[in-house]
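Open the model in a viewer and keep a selection prompt at hand. The stops below each begin with something to select.

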Amino acid sequence: MKINEVEKILEIPNASIRFYEKEGLLTPKRNENQYREYSDDDVERLKKIIVFRKLGLSVEDIKRVFANNLSLQDALVQNIEKLEAQKREIEGAIKVCELMRQKNESIKTFDQAFYWNVIHTEERKGNRFFEIAGDLAQYEKRVFFDEFGLIDESGKLRYSVWISVLIVLVTCVAGGLLWMFLDAGDKETETTLLHSFIEGFTFPFVSIIICSVFGLPLHYIRKKNERAARILKNIGWCLGMLFVLVLIVIILLEG
C-alpha cells in the first residue's frame, strides 16, 4: 500500500512515517518505480512504534528494543521512572496552583515571598517542580542568534544563514575533490584518495570557521560603531583576498 493509505489507516501525518524511516525504525520495500510499498507487517510495526512513543519511550530506546539491545521490560522500567519524575513535577506545580486559586490571588495581591517559602518547603519534602535551568540556555541561545542577525522577527533562522551553510559545504566538497584530483596521479588505493579528499575538505572548512569567528563580531560592532565596522570590513576583505592567493599558491605547488 502507498504512504497515503498508511496515513489514513493510522491517522498520523506521512511526515511522521518518513521520520521513522529516516531513523531506521521502518524499512519498507520499493517497487520497480522506486515508490515505497508498505506491507501489513510494516503497518503493524508502525503501530508498535506509535504505541511506544505515546507511552513516552524515546526513539533511541525503541531502536534498541527492536535491535534486541534492550529488553522491553527494561525499557518500560526506565520509562516509568522518567514518568514518575515528571509526575512529581506536575503534582508539585498543581498543588501550589490550587493553593493560589483557593486564595483567589491576583497579580496585585500575589505574595511572592509566601509562595517562595511554600515551594521550598514542598521541595524539602521531596516534591518536585519544573526546572528553570533551561531558561538560561534558551535565553543565551536567543541572544547570540539575535545579536548577530542570524534570526528574523519570527525567531527563525534567516534564509541567508542556510544559503551560507550551503555555500560552505559546496566549497569544502569542491576543495576535497580538487585535492583528490591533484593527488590521483600519485596515489593508488581508494583509502589514500579518501584521505586526500578529507585533507582538501578540512583545509577550507577550518579556514572558513576561523574567518567566521573573527567575522561575527562585525555584526555587533556595526550596531555600536558604523565607521569601525567599515574599517574592519575592509581589513577583512584584504585578509580574505590574501588567504585566497595563498590557497591558490599552495594548490599549484601541490600539483
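Start at the helix pair that flanks α5: select α4 (59–66) and α6 (112–124), which are among the elements covering the buried residues of α5. Contact here means heavy atoms within 4.5 Å. This is a predicted model, in which local features need pLDDT of at least 70 and side-chain atom pairs count only at pLDDT 80 or more, while totals for chains, interfaces and linings use all residues. Residues are numbered from 1 along each chain as its sequence is written, and side-chain values use heavy atoms, with hydrogens and water left out.

**Helix α5**

Now select residues 72–102, the 31 residues of helix α5. From first C-alpha to last, α5 reaches 43 Å, close to the 45 Å expected at 1.5 Å a residue; the expected span is 1.5 Å times one less than the number of residues. Helices (H or I, at least four residues) and strands (E, at least two) are DSSP runs, numbered from the N terminus.

Within α5, highlight A75, N79, A85, E89, G92, A93 and V96, which are buried. Buried means under 20% relative accessible area, exposed over 50%, and partly exposed in between, with a 1.4 Å probe and protein chains only. An α-helix has 3.6 residues a turn, so residues three or four places apart point the same way.

Step just past the end of α5 to N104, where phi is positive at about 55 degrees.

**The whole chain**

Zoom out. The protein has eleven helices and two strands, in the order α-α-β-β-α-α-α-α-α-α-α-α-α from the N terminus. Of its 255 residues, 20% count as buried. The exposed surface comes to about 19200 Å², with carbon and sulfur atoms supplying 61% of it; these areas come from the Shrake-Rupley method with a 1.4 Å probe, and for residues only the protein chains shown count as cover. Among contacts between residues at least 6 apart in sequence, 46% join residues at least 24 apart.

**E122 in α6**

Select E122, in helix α6. Is E122 buried or exposed? E122 is buried, at a relative accessible area of 8%. Its side chain and that of K95 are joined by a polar contact of 3.3 Å. A polar contact is a pair of N or O atoms within 3.5 Å; within protein, one must be able to donate a hydrogen and the other to accept it, and residues adjacent in sequence count only if both atoms are side-chain atoms. Neighbours within four places in sequence aside, E122 is in contact with K95, N127 and F129.

**Aromatic rings**

The structure holds four aromatic pairs. For F110 and Y115, the ring centres are 5.2 Å apart and the planes at 5 degrees, so this pair is stacked. F114 and Y115 have ring centres 4.9 Å apart and planes at 80 degrees, so they are edge-to-face. Rings of Phe, Tyr and Trp (its six-membered ring) pair if their centres lie within 6.5 Å; planes under 30 degrees apart count as stacked, over 60 as edge-to-face and the rest as tilted.

Show F110, F114 and Y115 together, as they form one aromatic cluster. Y115 is buried at 3% relative accessible area, whereas F110 is partly exposed at 30% and F114 is partly exposed at 35%.

Add K103, whose charged end sits over the ring of F114, 5.3 Å from its centre. Then select R45 and F66: the charged end of R45 sits over the ring of F66, 3.9 Å from its centre. A charge sits over a ring if NZ of Lys or CZ of Arg is within 6 Å of the ring centre and within 35 degrees of the ring normal.

**Loops**

Select N31, in the loop between β1 (29–30) and β2 (36–37). The side chains of N31 and E37 share a polar contact of 3.3 Å. Leaving aside neighbours within four places in sequence, N31 is in contact with K2 and E37.

Most residues other than glycine have a negative phi, and most peptide bonds are trans. Next, select E11, in the loop between α1 (3–10) and α2 (14–22). E11 has a positive phi near 60 degrees and is exposed, with a relative accessible area of 71%. Finish at N68, in the loop between α4 and α5. Phi of N68 is positive, about 60 degrees, and N68 is exposed at 69% relative accessible area.
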